[in-house]
Amino acid sequence: HLNRRLEQALQNGLQHPSVAVRRAAVMVLPRNAASIDEMRKYNLLQDSDAQVRLATLLAISEMPPNDAIGSQLVSLLDSTNVSWDRWLDDAATCAAARNDLSFLKAMLASGSANMADEGIGEIVQRVATHYAMRAPKGSVLSLLARINSGNSAIGGVLLQSFASAWPSDELPALDDASRNELQKLMDGLDGHNQTRLLLLAQKWHCADLFPKLLSSLTQSLQSRLADASLSASERADAASQLVALEDHPGTIGLILAQVNAVSSPELNIELIKALSESHDPQTGPALVRHLRELTPTTRRFQITVLLRRTEWCSALLDGVEKGLLQPSDIATEQWAQLKASADSAIAKRAETLSGSLGVVTPDRAEIVKKFLPVAAMRGDANRGREVFTQNCAICHTFNGRGGKVGPDLTGVGARDKKDILIDILDPNRSVEANYRAWNVVTRDDETYSGRLETETQTTVEILDSAGQKHIIQRRDIKEMNTSGLSIMPNGFESLSENDLASLLSFLMTPNTAL
């Protein structure tokens, strides 16, 4: 009798005129199939009050899946009488994910008109991703078979989500009938959805079902990748699809050919993101070999990508050992990340190789050895001011005066005099990426050399040795490269020992004014 009275009380509560009572009744309903029938009976998903609808959606998300719920959720999303907010959006997503199969079927049955609403599209994408992640092999093929020309927008979201989120180690069993169904489905899709289905088939190891399409699609993607008239995101999307379809060194080489000093930083970064999806063992070494051709912004980002995988970290350290890149190519915080690697071998190698920062260049070793005693000499700071003005001020700022081609030397006196002297005599021993010399050749065969000060999507700015800035349009650049050497030249050993000693004394004097 108690149970019957309780059931009657809940039923009375679900249809009570008071919003608070209806909401409370929904919140205390048992989380079982019978309760779902009660909520459907009183049409609580279409309740006039948002709080009741919210409570109903949350209750559904905690109850067993129900085949009838999917269509009711779609009706709710289509309703013009409902005001949506982030809380209802999230609750609807949870309820739909709990009933993912029936919801996605109902969405496909409803057609693509409701996909014009951005909020609905996001809910469908989330639910489709949730569905794919649990790899429902028994129902996915029958769900895909429901995609047609009338629901292509929804079908596209499903195919894209499945291709992205389906676990790579979960392959549906495809018999002859299933393979025939996939081929039939492919024939009825538009071009974009054919691409998405092909990417999914690649993940399911059955792309061989569409050999002609695979070949033509690959050629189309390669053309889009190289098409400079397309946006960076469009070209990167083509690169990402190429990696998904054909993850091998040939594909990686094609994409890397578009990542260069002349391309905009935006395009380079987007293409590197696409390359980061590769799992071919040769991709890491290829990225390392390519680093020297990149501007500082792109190089830094590419090294950050290399640090994400242990095998790529190893390739990066191999590149330092082989001289493919300088230790100073890797930023201080990136060295710290390598030293803190969970892989003890990587951490140990990084500790050793980072110690090579600041090592004297071999061809300057004798000169440095000859002049090193100068560091112990007492110089004349006033004479040093003159030496600095004549030889250094055009490029370097010191205490607020001077040029901006090279690093600001204010405060350099805090360093040891020997280290300062070695940097003067051997400027290439440790060159920060921002202070390397770049050469830009335009289509008019004009050459600009100096520091790459700024780069944008459309221009590069070169600061030459005279401190003059040259703004060059990317479309006018024929060739752009760096030697990896410092913008500061060798040859300061031509100064007398007294002048070198005086220059050091000037730099070591606090609060010196030119």
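**Asp-499 sits in helix α25, which covers residues 497-508.** A helix here is a DSSP run of H or I with at least four residues (strands are E runs of at least two), and numbering starts from the N terminus. You're looking at a predicted model, so local features need pLDDT of at least 70 and side-chain atom pairs count only at pLDDT 80 or more, while totals for chains, interfaces and linings use all residues. Residues are numbered from 1 along each chain as its sequence is written, and side-chain values use heavy atoms, with hydrogens and water left out. Is Asp-499 buried or exposed? Asp-499 counts as buried because its relative accessible area is 15%; the cut-offs are under 20% for buried, over 50% for exposed and partly exposed in between, using a 1.4 Å probe and protein chains only. Skip the neighbours within four places in sequence, and Asp-499 is in contact with Arg-383 and Val-387. Contact means heavy atoms within 4.5 Å.

**Arg-364 is a loop residue between α21 (344-354) and α22 (365-371).** Its relative accessibility is 8%, so Arg-364 counts as buried. Which residues is Arg-364 in contact with, leaving aside its neighbours within four places in sequence? They are Leu-425, Asp-426, Asn-490, Gly-491 and Glu-493. Take Asn-490: along the sequence, Arg-364 and Asn-490 are 126 residues apart, yet from C-alpha to C-alpha the gap in space is 9.1 Å.

**Helix α13 runs through residues 211-226.** With 16 residues, α13 reaches 23 Å from its first C-alpha to its last, close to the 22 Å expected at 1.5 Å a residue. That expected span is 1.5 Å times one less than the number of residues. Leu-214, Leu-217, Thr-218, Leu-221 and Leu-225 are the buried residues of α13. Look down the axis of α13 and these buried residues fall within an arc of 105°, so they line one face of the helix. The arc is taken from the directions that run from the helix axis to the C-beta atoms. Among the elements covering that buried set are α12 (191-203), α14 (232-245), α15 (249-256) and α16 (265-275).

**Helix α5 (residues 69-78) also has a buried face.** Ile-69, Gly-70, Leu-73, Val-74, Leu-76 and Leu-77 are the buried residues of α5. Seen down the axis, they fall within an arc of 155°, so they line one face of α5. Their packing partners are α3, α4, α6 (86-98), α7 (100-110) and α8 (118-133).

**Leu-199 of helix α12 helps line the second largest pocket.** The volume of this pocket is about 830 Å³. How many residues line the second largest pocket? There are 25, and the closest to its centre are Ala-163, Leu-199, Ser-240, Gln-241 and Ala-244. Helices α10 (152-165), α12, α13 and α14 each supply at least two lining residues, with α12 giving the largest share, seven residues. Leu-199 is buried because its relative accessible area is 12%. Apart from neighbours within four places in sequence, Leu-199 is in contact with Ala-163, Gln-241, Ala-244 and Leu-245. For a long-range marker, pick Arg-401: 202 residues along the chain from Leu-199, with 59 Å between the two C-alpha atoms.

**The largest cavity has a volume of about 60 Å³.** Leu-291, Arg-292, Arg-299, Leu-325, Gln-326, Asp-329, Arg-436, Thr-482 and Gly-484 line it. Searching the whole structure turns up two cavities of 30 Å³ or more. On a 1 Å grid over the protein atoms alone, a cavity is a set of points where a 1.4 Å probe fits but cannot get out, a pocket is an open set with protein on both sides within 12 Å along at least five of seven lines, and lining residues have an atom within 4 Å of a point. Grid points are joined across faces, edges and corners, and a volume is the space filled by probe spheres set on the points.

**Asn-43 and His-205 have positive phi angles.** Asn-43 is not a glycine, but its phi is about 50°. You'll find Asn-43 in the loop between α3 (33-41) and α4 (50-60), where it counts as partly exposed because its relative accessibility is 40%. His-205, also not a glycine, has a phi of about 60°. His-205 lies in the loop between α12 and α13, and its relative accessible area of 59% makes it exposed.

**Cys-395 keeps its distance from Cys-392.** How many disulfides does the structure hold? Zero, where a disulfide is a pair of cysteine sulfur atoms within 2.5 Å. The closest cysteine sulfur to that of Cys-395 belongs to Cys-392, and at 8.5 Å it is too far for a bond.
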